[in-house]
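Got the viewer open? Let's take a short walk through this one, one selection at a time.

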Amino acid sequence: MELDFRLPLVLERLRSFRLVVPVASPKGGVGKTTVASGISLLLARRGVPVSLLDADFTNPTTHVMLGVDASQVLPEEDKGVLPVRVEPGLEFMSPAFYSKDKPLPLRGRELVDALRELLAVTRWSGRVLVVDTPPGLSDSLLELLRLERRSKVLVVSTCDKMSLLSTRRILEFLRQEGVEALGVVANMCSSCGKLKEGLGSEPLGCLPFIEDLQALEGDREALARTLSPGLSGVLEKIITLLQ
Amino acid sequence: MHEWALAEAVVKTVEELLSSGVQARYVEVVLGELQSVDEEVFKLALEELLSSLRAEKGVGVEGFRVTREKAVFQCRVCGHRWSLDEWELADEFREAVHFVPEVVHSYYSCPRCGSRDFEVVQGRGVRVRVV
């Protein structure tokens, strides 16, 4: 009998988390990386040990938002690999540590293999695993939801018609799969009421359009300060779930 | 010691199979050339972890066998097939590929047409069979 020897260890490592939060959206460019980085930083600064994984294998960028130079970092080996400590309470793993910001064209099976490999060998220590996923119902997201059915997905949406339609689709998909949505973050919306009108429910978080988002890239202090008010509902919900 | 995590994953799989009632006497591990797993370190880790499994959980297998498999690649664009004899891994990339074999796509391309859209046909990493 031939089998994927990594899966039992992957499942054990995922079970060590109290909560797994994939950050997802069916469209690109709506702010998943900003939101994933923001909630990870803010939770860590409120004393919650957070593990953050960039699961966008073909285009990892979370390290840029966090100000981590992937070209200079290789995670330490110790009976596996230890995630990189970004600041107290926040550890981080990214395929960019291995691909060094070069193109990484992967097809479905290869991408799933790379994700399983990283999940099997990474020795996390957080209570919450936040996962920045690629746009759409990607292989990374589907594999993660297959491995951890208790995941609570945080959906990021802008307030235009296309994004709202796409968000309804992903919420319907999650319902059909029996996977819980943590909630929806409305991003870059002039009024978050539009998201409520479009989806029929209150957003869990609401971020305005940030004129100078580029100034936040790599500046964790500015990122935490700017995102804190709009993401407070997300933080409160996660902290409640951890109690 | 990344080999330890790989051996740990193998032993965790054996433990799950045995505890679910599967009859398993031997573990056969195939080490793919691309991942450059240190065979001696891996075997030592596997021996130690299998001993611990026997001592702590009272279950185990009679033994294990480790074999190697050559890496073979095939370009999806032009169909060219090649091995590491034609395309040796440079030392500076070997470590990254050791941890995540798929990042070979970041460092190499088809020796004939230059495309990075190629497949690792065999010899990617660790494979396990129980008999």
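Start with Val185(A) and Gly205(A): Gly205(A) sits in S9(A) and is the bridge partner of Val185(A). Keep in mind as you click around that this is a predicted model.

Now widen the selection to the two strands. Strand S8 of chain A covers residues 180–187, and S8 pairs with S9(A) in the parallel sense, over three bridges.

Next, bring up the whole sheet in chain A. Eight strands make an open sheet with mixed pairing, and the order to follow across it is S4-S5-S3-S6-S2-S7-S8-S9. Which strands stand at the edges? Select S4 (84–87) and S9 (205–207) of chain A: each has a single partner strand, so one side of each has no neighbour in the sheet. Step from one strand to the next and the twist averages 25°.

Add helix H7 of chain A, residues 161–177, which packs on the sheet. Show strand S2 (19–24), strand S7 (152–157) and S8 of chain A along with H7, since these are the strands that H7 touches. Compare directions too: H7 makes about 170° with S7(A).

Last stop, the contact between the chains. Chain A puts in 29 residues and chain B 26. Colour the chain B side by element: helix H1 (2–19), helix H3 (91–99), helix H4 (104–107) and strand S6 (126–130) of chain B each give two or more residues to the side that touches chain A. H1(B) gives the most, with nine residues. Recolour by class and that side of chain B shows 13 nonpolar, four polar and nine charged residues.

Technical notes:
Residues numbered from 1 in each chain as written. Chains lettered and ligands numbered in written order. Predicted model: local features only at pLDDT ≥ 70, side-chain atom pairs only at ≥ 80, totals over all residues. Pairing = 2+ DSSP bridges. Helix = DSSP H or I, 4+ residues; strand = E, 2+ residues; numbered from the N terminus. Axes fitted to C-alpha atoms, helices over the stretch in contact; angles between N-to-C directions. Contact = placed C-beta atoms within 7 Å. Nonpolar A, V, L, I, M, F, W, Y, C, P; charged D, E, K, R; others polar.
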